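Here is my note on the model you sent, set out as numbered points. Please keep the structure open beside the text and look up each residue as it comes.

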Amino acid sequence: PVINKQHQVIGFVSEYDCLKAMLKSSYHCDEPALAKDVMSKEVVSVHAEDSIVDLAISMLDKKPEIYPVTNNGELIGLITRQDVLHTLQKNQALCHR
């Protein structure tokens, strides 16, 4: 995530964004790109109190694999598909005890 001075998420730089920028700059021998030049400005984030199940359902739409987690508009962490999968697996294990 890219944040401003108030710790609000203003963008997101993915591996894809970096690969695309580095490929272009290496081909043209350009200066390295800045985060503000390659970041996606439409950031999909989740709130700290959002349901893991709801997040898992939205992840089925092939959305980002990593989501910024916010509270009152400020970045407080990141959650990945792997985190969600692990949590769902732990919950499922409790069902089969």
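**Notes on the sheet and its surroundings**

1. In this predicted model, three strands form an open sheet in the order E3-E4-E5, and the pairing within this sheet is mixed. Strands E3 and E5 are the edge strands, since each of them pairs on one side only.

2. The mixed character can be followed pair by pair. Strand E3, residues 46–47, pairs with strand E4, residues 66–71, in the parallel sense over two bridges, and in this pairing Val46 stands opposite Val69 of E4. Strand E5, residues 74–80, runs antiparallel to E4, and six bridges join these two strands; here Pro68 is found opposite Leu78 of E5.

3. How is the parallel pair connected along the chain, and which helix takes part in the β-α-β unit? The helix is H3, residues 52–59, which together with E3 and E4 makes a β-α-β unit that is right-handed.

4. The antiparallel pair is connected in another manner: E4 and E5 form a hairpin, with two residues between them. Asn72 belongs to the loop between E4 and E5, and its phi is near 55°, a positive value in a residue other than glycine. This deserves a second look in the model, because most residues other than glycine have a negative phi. Asn72 is also exposed, because its relative accessible area of 71% lies over the 50% cut-off.

5. A positive phi is also found at His7, where the value is near 65° and the residue is again not a glycine. His7 is placed in the loop between strand E1, residues 2–3, and strand E2, residues 9–11. With a relative accessibility of 43%, His7 counts as partly exposed.

6. Is Thr70, a residue of strand E4, buried or exposed? Thr70 is buried, because its relative accessible area is 11% and the cut-off for a buried residue is under 20%. When residues up to four places away in sequence are not counted, Thr70 touches Val9, Ser45, Val46, His47, Ala48, Leu75 and Ile76. Among these contacts, Val46 is the residue that stands opposite Val69 in the pairing with E4.

7. On the surface, Val53, Ile57, Leu60 and Leu88 make a nonpolar patch of about 370 Å². One of these residues, Leu60, lies in the loop between H3 and E4, and Leu60 is exposed, because its relative accessible area of 67% is over 50%.

8. A last place to examine is Val13, which is found in the loop between E2 and helix H1, residues 15–28. Val13 counts as partly exposed, because its relative accessibility of 25% falls between the 20% and 50% cut-offs. Although Val13 and Val2 are 11 residues apart along the chain, their C-alpha atoms are separated by 7.2 Å. Leaving aside neighbours within four places in sequence, Val13 is in contact with Val2, Cys18, Ala35, Val38 and Met39.

Key:
Residues are numbered from 1 along each chain as its sequence is written. This is a predicted model: local features need pLDDT of at least 70, side-chain atom pairs count only at pLDDT 80 or more; totals for chains, interfaces and linings use all residues. Side-chain values use heavy atoms; hydrogens and water are left out. Two strands pair if DSSP finds at least two bridges between them. Helices (H or I, at least four residues) and strands (E, at least two) are DSSP runs, numbered from the N terminus. A crossover is right-handed if, with the strands pointing away from the viewer, the path from the first strand over the helix to the second runs clockwise. Buried means under 20% relative accessible area, exposed over 50%, partly exposed in between (1.4 Å probe, protein chains only). Contact means heavy atoms within 4.5 Å. Patches are made of residues with over 30% relative accessible area and no salt bridge: like charges are joined within 9 Å, nonpolar side chains (Val, Leu, Ile, Met, Phe, Trp, Tyr) within 5 Å. Accessible areas come from the Shrake-Rupley method with a 1.4 Å probe; for residues, only the protein chains shown count as cover. A salt bridge is a side-chain nitrogen of Lys or Arg within 4 Å of a carboxyl oxygen of Asp or Glu.
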